[in-house]
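I opened this model to look up a buried strand, its pairing and a few backbone angles. My notes follow the order in which I looked.

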Amino acid sequence: MARPEMTEASRYQSPSELVMDPAWPGRTVADDWQVLRSIDEVEADVNYQTVLLDIPIGFNVTGSREVRAWINTGCENRTSSSASNRLKTCVRYGYIWVSLGNPIRDFFEIPEYHEPDRRNIHAATIRVKVSAPRAIENFLDLAHFPFVHPGSLGEEPYTEIKDYDVAVLEESNEVLAQKCRVWQPISMPTATEGYEVEYIYRVPHPYCAILYKANAADMNRMDVIALFIQPVGEEESNANMLLSVIDDQNSDTQIRSFQQMIFAQDKPILENQVPKRLPLDLRAETSVRCDATSTAYRRWLQKRDVRFGTIPQS
């Protein structure tokens, strides 16, 4: 069970004071919902402390499962019950979410999460020493599979990434990549042989991405792997992994272990990337044809004026 972590007090005394500061790079994402933690990992009536967008905050869950969150001001007269520093909260997909501003967008949908025959599993929360956008970009990368995940998500000589479709959907304002295909020897715990796996990627939030991949047991349906990133600082993040899978063969532990193995292989590669923030200028880093999703993601972040965790285009 994760225990409360200690943080310093914020110099801001209220959310309104926070969002008025033009020097705070999180200002342009203050109205978005941001993930904190799996609600199953939070003990009732215990005050937890964390950092979100460089802002120390506290949160708890009452015995009746009501979630409360507040800016951690460090003042004895400002507690979780103080209306002036309280934050808006919600619970979605088994996670606690908070907004440092006034949420104006509808929460993105994952319809598969509600299908009765799926297993919804919190796979892990892992601290990574890179920005949230850099972690999302790594999640969207298909080309590294044969080299970083040999024997599972890829294998030489099957290194070619075929052309796929990528677009920004106007109605939902999200990045969507479809018809992504890659050969994988063991695509998931239910796989018994290698095959060409179809992927779909969605990026509905600056710090969240959702992967759909063809299920090994039922090719007409797709498993879902969602990555919800808590942007702790501009170069530090907590990666939360949600699995929504069709699997009646493996235990929760086995399913989690497979995904944790994959992330453990990614982590050193990810943390050695320079710079740790994601450059939005497409000229800053060399891209190739198979990087179309990353390119679309960077352009989308630039259009949304996402500054926290990025190096904006000058």
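The entries below cover one strand and its partner, then three places in loops.

Before starting I noted that this is a predicted model, in which local features need pLDDT of at least 70 and side-chain atom pairs count only at pLDDT 80 or more, while totals for chains, interfaces and linings use all residues. Residues are numbered from 1 along each chain as its sequence is written, and side-chain values use heavy atoms, with hydrogens and water left out.

Strand and partner. I looked up β1, residues 34-38 (strands are DSSP runs of E of at least two residues, helices runs of H or I of at least four, both numbered from the N terminus). Five of its five residues are buried, so β1 is largely enclosed by the rest of the structure; buried means under 20% relative accessible area, exposed over 50% and partly exposed in between, with a 1.4 Å probe and protein chains only. I then found β1 paired with β6, residues 95-99, in the antiparallel sense over four bridges, where pairing requires at least two DSSP bridges between the strands. Within this pair, Ser 38 stands opposite Tyr 95 of β6.

Loops. Most residues other than glycine have a negative phi, and most peptide bonds are trans. I noted a positive phi, near 75 degrees, at Asp 54, which sits in the loop between β2 (48-52) and β3 (55-61) and is partly exposed at 43% relative accessibility. Arg 65, in the loop between β3 and β4 (67-71), has a positive phi near 70 degrees and is partly exposed at 39%. Finally, I recorded a cis peptide bond between Val 274 and Pro 275, with omega about -5 degrees; Pro 275 lies in the loop between α4 (252-271) and β14 (278-279).
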